[in-house]
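Please load the model in your viewer and keep a selection prompt open. The stops below are meant to be followed in order.

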Amino acid sequence: MSDIFLQIDGKKVKATEGMTVLEAAQSANIAIPTLCHHEKLEPYGACRLCTVEVEARGRTTLVAACLYPVAQDLVVRTRSEKVDRIRKMILELLLAHAPDAQALQALAKEYGADRNRFEKESSFCILCGLCVRYCAEVKKKNVIGFVDRGAGREISFVPEIAAEECWKCKECFPLCPTSYLQAAYSLTEALAFPRDSFKPASKS
Ligand code: SF4
Ligand code: FES
């Protein structure tokens, strides 16, 4: 693969064809905030928190760094008034779902986001899709999926598969930025497969 040189925040960065701007920035220790990105998963582009400004052929546009491919001589700005304003707004929208989520607190402080700007939403899932995608792409189990559309969209466990698989895995739990996943699992477990009903029989 051929080398590509681009500029990120004034620094010359070497990347290879096929890399995203986020990967190139990370390789140069330049931080870009993310909420729906995971190195083991396909890029998803849901949260838009990784928005950066790119300049190519005299045009400046806002793009999601986790999706946007590197290109020779691309100029990237990871912080600017516009970028910061967008991140602040995104965080305020997410804080309406999960005002106490630790993953959002530090970011909210950095971007001056107001946790009370928008009316509180009923679900504290921010629809990052990390749990759904991890289960599908890494574990190949598809225990969790999205249900409904629009404002009613949320994640849901498939109880029959969850009863078989989740108690011995739970690898997705720490990925959730808001802890909604743990709550949803506990509810599924309580309603559909009370703990004792699926535990492996103990040898006696
Ligand atoms: S439950 Fe958590 S990990 Fe899953 S989509 Fe919602 S916020 Fe993301
Ligand atoms: S990290 Fe890029 S859109 Fe979420």
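The tour starts with the whole chain, goes on to one arginine, and ends with salt bridges.

**Whole chain**

Keep in mind throughout that this is a predicted model. Show the protein chain as a cartoon: six helices and seven strands should appear. Coloured from the N terminus onward, the elements follow the order β-β-α-β-β-β-α-α-α-β-β-α-α. Switch to the C-alpha trace, and the extent along the principal axes is about 70 × 45 × 30 Å.

Next, colour by relative accessibility. The protein chain has 204 residues, and 41% of them are buried. A surface representation covers about 11700 Å² of accessible area, with carbon and sulfur atoms contributing 50%. If you draw a contact map, leave out pairs with a separation below 6; of the contacts that remain, 52% are between residues 24 or more positions apart.

Now select the charged side chains. There are 28 positive and 26 negative charges, and the mean positions of the two sets lie 2 Å apart.

**Stop 1: R133**

Select residues 130-138, which form helix 4, and pick R133 within that helix. Does R133 have a charged partner, or what is the nearest candidate? R133 is buried and has no salt bridge; the nearest side chain of opposite charge belongs to E137, at 5.0 Å. The cut-off for a salt bridge is 4 Å between a side-chain nitrogen and a carboxyl oxygen, so the pair at 5.0 Å does not qualify.

Measure instead to the backbone oxygen of C128, which the side chain of R133 reaches at 3.3 Å. To see the surroundings, add C36, L41, E42, Y44, C128 and V138; these are the residues that R133 touches, leaving aside those up to four places away in sequence.

**Stop 2: R77 and E53**

Side chains of opposite charge can pair when their charged atoms come close. Searching the whole structure gives 12 salt bridges. One of them to display joins R77 and E53, with 3.0 Å between the closest N and O atoms. R77 sits in strand 5 (residues 75-77) and E53 in strand 3 (residues 51-56), so this bridge ties together parts 24 residues apart in sequence.

Compare the accessibility of the two partners. R77 is partly exposed, because its relative accessibility is 28%. E53, at 9%, counts as buried.

**Stop 3: R79 and D84**

Move to R79 and D84, whose side chains meet in a salt bridge with an N to O distance of 2.8 Å. R79 is partly exposed at 37% relative accessibility, and D84 is also partly exposed, at 23%.

**Stop 4: D100 and R115**

Select D100 and R115, which form a salt bridge with the closest N and O atoms 3.1 Å apart. Where do the two partners lie? D100 is in the loop between helix 2 (81-95) and helix 3 (102-111), while R115 is in the loop between helix 3 and helix 4; the pair links distant parts of the chain, 15 residues apart. D100 is exposed, with a relative accessible area of 58%, whereas R115 is partly exposed at 33%.

**Last stop: a shared network**

Finally, select E53, E55 and R77 together: salt bridges with shared partners join these residues into one network.

How values were computed
Residues are numbered from 1 along each chain as its sequence is written. Chains are lettered from A and ligands numbered from 1 in the order in which they are written. This is a predicted model: local features need pLDDT of at least 70, side-chain atom pairs count only at pLDDT 80 or more; totals for chains, interfaces and linings use all residues. Side-chain values use heavy atoms; hydrogens and water are left out. Helices (H or I, at least four residues) and strands (E, at least two) are DSSP runs, numbered from the N terminus. Buried means under 20% relative accessible area, exposed over 50%, partly exposed in between (1.4 Å probe, protein chains only). Contact means heavy atoms within 4.5 Å. Accessible areas come from the Shrake-Rupley method with a 1.4 Å probe; for residues, only the protein chains shown count as cover. Lys and Arg count as positive and Asp and Glu as negative; His and the chain ends are not counted. The place of a charge is taken as NZ of Lys, CZ of Arg, CG of Asp or CD of Glu. A polar contact is a pair of N or O atoms within 3.5 Å; within protein, one must be able to donate a hydrogen and the other to accept it, and residues adjacent in sequence count only if both atoms are side-chain atoms.
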